[in-house]
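Welcome! Please take a moment with the sequence and the structure below, and then we will walk through them together.

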Amino acid sequence: MCVRVFLADDTELILRAIRMLLSDRKDIAVVGEASNFRETIQNTAEPRPDLIILDVHMAEKNGMTPTEVKGSLNGAKVLAITFGTDDQTEELLHSVGAVKLLDKMDLAQELIPTILELAEVRSSQTVS
């Protein structure tokens, strides 16, 4: 099974780092990217990713609320990423429907195991 992943972050360096981490994986395919919430919604309609890796603190929200984002992701799971956490981050996680949060400082060690863990959860839910 190949996990279809969409990347959404407003920092090109982070996008590049994630692409590099995933580049040699045959079980994970990056199916698109966005640099703001509106692009995320527009660009996930067609590839229908299994998982969206979403920076919950993207600078440009294009006037969209996180709740609007949550209702427009076509059932994809959301893995939130950010630098550090605070009360506002916890609130954002719930509003976008994120199932898990990773600190960007831990992506090198945690990203691939987390993607595979969330894919297992999704595939076992679709089998039942």
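This predicted model holds an open sheet of five strands, paired in parallel and arranged in the order β2-β1-β3-β4-β5. At its edges sit β2 (28–34) and β5 (98–103), each of which pairs on one side only. On average, neighbouring strands of this sheet are turned by 25 degrees against each other, direction ignored.

**How strands pair**
- As a reminder, strands of a sheet pair through backbone hydrogen bonds, either parallel or antiparallel.
- Try tracing β1 (residues 3–8) alongside β2: the two pair in the parallel sense over six bridges.
- For one bridge to look up, start at R4, whose bridge partner in β2 is A29.

**Helices on the sheet**
- Helix α1 (residues 12–22) packs on the sheet and touches β1, β2, β3 (51–55) and β4 (77–82).
- The direction of α1 makes about 165 degrees with that of β2.
- Helix α2 (residues 37–44) also packs on the sheet, where it touches β1, β2 and β3.
- The direction of α2 makes about 170 degrees with that of β3.

**A closer look at D55**
- You can find D55 in strand β3.
- Is D55 buried or exposed? D55 counts as buried because its relative accessible area is 3%, and buried means under 20%.
- Its side chain reaches the backbone nitrogen of H57 at 2.9 Å.
- The side chain of D55 also makes a polar contact with the side chain of K104, at 3.1 Å.
- Leaving aside residues up to four places away in sequence, D55 touches A8, D9, D10, F37, I81 and K104.

Key
Residues numbered from 1 in each chain as written. Predicted model: local features only at pLDDT ≥ 70, side-chain atom pairs only at ≥ 80, totals over all residues. Heavy atoms only, no water. Pairing = 2+ DSSP bridges. Helix = DSSP H or I, 4+ residues; strand = E, 2+ residues; numbered from the N terminus. Axes fitted to C-alpha atoms, helices over the stretch in contact; angles between N-to-C directions. Contact = heavy atoms within 4.5 Å. Buried < 20%, exposed > 50% of the residue type's maximum accessible area, 1.4 Å probe, protein only. Polar contact = N/O pair within 3.5 Å; in protein donor to acceptor, adjacent residues only side chain to side chain.
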